[in-house]
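Reader: I should be grateful for a close examination of a single part of this model, set in the context of the structure around it. Please begin with the polar contact that seems to you a suitable entry point, and proceed from there.

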Amino acid sequence: MAESETSRRASKKLIRIDISSDNVCPWCYVGKINLDKAIAASKDQFHFEIHWHPFFLEPSAPKEGVNKRDFYKQKFGSQYEQIIGGMAEIYRGLGLDYNMDGLTGNTLDSHRLILFAGQQGLNKQHELVELILDGYMTKGKYIGDWEFLIECAKKVELKGAAEFLKNPNNGLKEVNEDFQKYSAHLGGVPYYVINGQHKFSGGLSLDGWLGAFQVAAKIIWITRNGQVFGHEPLSPFGSIRLYEYELVLAIPAEKERNDNRKELDNNVFLDDGEDCLQVVTQILNSIPVCNTLPYLEPLRKTFKA
């Protein structure tokens, strides 16, 4: 009998990604493009749940909109050409034209609509974010234009979008609450939290996303005679934390060992110290810009002891 979609999903580990983003942030779109590529490459391994949360890079930006080039020339001053030129080059590398035409302004209405879309499905919300970011970044659309926002809503079959936007109070409380919960403490975006633990920021590359998925999906336990199954290990060196990733290290107690390597609930148990080092090295190397040597040397000393 063919395996059902439900059973296939149940067999995959859930990767939940909470994304704080603003819809005038060019790096947020870069991160999303690479995230979507990584999801497509990993869909046979993981089930993904993406949640978008509001952030306001320019909270006092006018709702009526201002000329985009003039606004950023005033903001960046003498660095304008360098910053915009660098961003345009990054977008060209993704096969896109970074468009500085049109207006920029307040993003509140777009955030209201995105949270409203989430009530009708996370996939619908994710698709709406794509259309809004693409329209603003590459087509010169104004982020505060209701006609543009409603057009995006229609393309993802979002019901009641026009009526929702007409009342400026609709979704306002939800946006403020969501901002306070997920984004108020941040100094910039994009900002990502994977499975509530692994946190990082910036327009992550495709390889960066793929590595982050692997780290989030597997915590390495290499314990010394401590409680391992479902408990925090009592190893002398506890855990390693770097770039806000955490690897818990210990060696299984004698009664918990098998002759061969054993895997349980996505935690890896190994008996041999050198094998442990190989696994930890592989995991650490999957984290972008990570130098493993400072973290591996204490392990080598522990295993030799």
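Author: In this predicted model, the side chain of S183 reaches the backbone oxygen of P54 at a distance of 2.9 Å. S183 belongs to the loop that runs between α9 (172–182) and β5 (191–194). Because its relative accessible area is 0%, and the limit for burial is under 20%, S183 counts as buried. Leaving aside neighbours within four places in sequence, S183 is in contact with S20, H53, P54, F55 and D178.

Two of these contacts of S183, H53 and P54, lead to the largest cavity, whose lining consists of S21, N23, W52, H53, P54, H111, I114, L115 and V129. The elements that give two or more residues to this lining are β2 (46–54) and α5; the span of α5 is 108–118. The volume of the largest cavity is about 60 Å³, and the model holds two cavities of 30 Å³ or more. By class, five residues of the lining are nonpolar and four are polar, with no charged residue.

W52 and V129, both in the lining of the largest cavity, are also touched by K32. K32 is located in helix α2, which spans residues 26–42. Is K32 buried or exposed? With a relative accessibility of 2%, against a limit of under 20%, K32 is therefore classed as buried. Beyond W52 and V129, K32 touches H126, E130 and L133, when residues up to four places away in sequence are not counted. The side chain of K32 also makes a polar contact, at 2.5 Å, with the side chain of D36. As for the backbone, the C-alpha atoms of K32 and I19 are separated by 9.4 Å, with their positions 13 residues apart along the chain.

Helix α2 also takes part in the second largest pocket, to whose lining α2, α3 (68–76) and α4 (80–93) each supply at least two residues. About 240 Å³ of space lies in this pocket. Its lining comprises 15 residues, of which V24, P26, Y72, K75 and F76 are the closest to its centre. By class, twelve residues of that lining are nonpolar, one is polar and two are charged.

Two of the helices around this pocket merit a further remark. At the start of α3, a side-chain oxygen of N67 comes to within 3.1 Å of the backbone nitrogen of R69, and just after α3, G77 adopts a positive phi of about 60°. Helix α4 contains A88. With a relative accessible area of 15%, where burial requires under 20%, A88 is therefore buried. A88 and N99 stand eleven residues apart in sequence, and their C-alpha atoms are 8.1 Å apart.

The account may now return to α5 and the packing around it. I114, a residue of the cavity lining, is among the residues touched by L128. Not counting residues up to four places away in sequence, L128 also touches L113, A117, C152, A153, V156 and L158. L128 is one of six residues, with I17, L113, L158, W209 and F213, that touch the most other members of the largest nonpolar core, a set of 52 residues. Another core, of eleven residues, lies apart from it, and includes C25, C28, V175 and V189.

C152 and A153, which L128 touches, are among the buried residues of helix α7 (residues 146–155), together with F148, L149 and I150. The buried residues of α7 pack against α5 (108–118), α6 (122–138) and α8 (161–166). At the start of α7, a side-chain oxygen of D145 lies within 3.0 Å of the backbone nitrogen of E147. Just after α7, E157 takes a positive phi of about 60°.

These local arrangements belong to a protein with twelve helices and eleven strands. Of its 305 residues, 46% are buried. Among contacts with a separation of 6 or more, 74% are accounted for by residues 24 or more positions apart. The contact between S183 and P54, with which this account began, joins the loop between α9 and β5 to a residue in the lining of the largest cavity.

Technical notes: Residues numbered from 1 in each chain as written. Predicted model: local features only at pLDDT ≥ 70, side-chain atom pairs only at ≥ 80, totals over all residues. Heavy atoms only, no water. Buried < 20%, exposed > 50% of the residue type's maximum accessible area, 1.4 Å probe, protein only. Helix = DSSP H or I, 4+ residues; strand = E, 2+ residues; numbered from the N terminus. Contact = heavy atoms within 4.5 Å. Polar contact = N/O pair within 3.5 Å; in protein donor to acceptor, adjacent residues only side chain to side chain. 1 Å grid on protein atoms, 1.4 Å probe; cavity = no way out; pocket = protein on both sides within 12 Å on 5 of 7 lines; lining within 4 Å. Points joined across faces, edges and corners; volume = space filled by probe spheres on them. Nonpolar A, V, L, I, M, F, W, Y, C, P; charged D, E, K, R; others polar. Core = buried A, V, L, I, M, F, W, Y, C linked by side-chain atoms within 4.5 Å.
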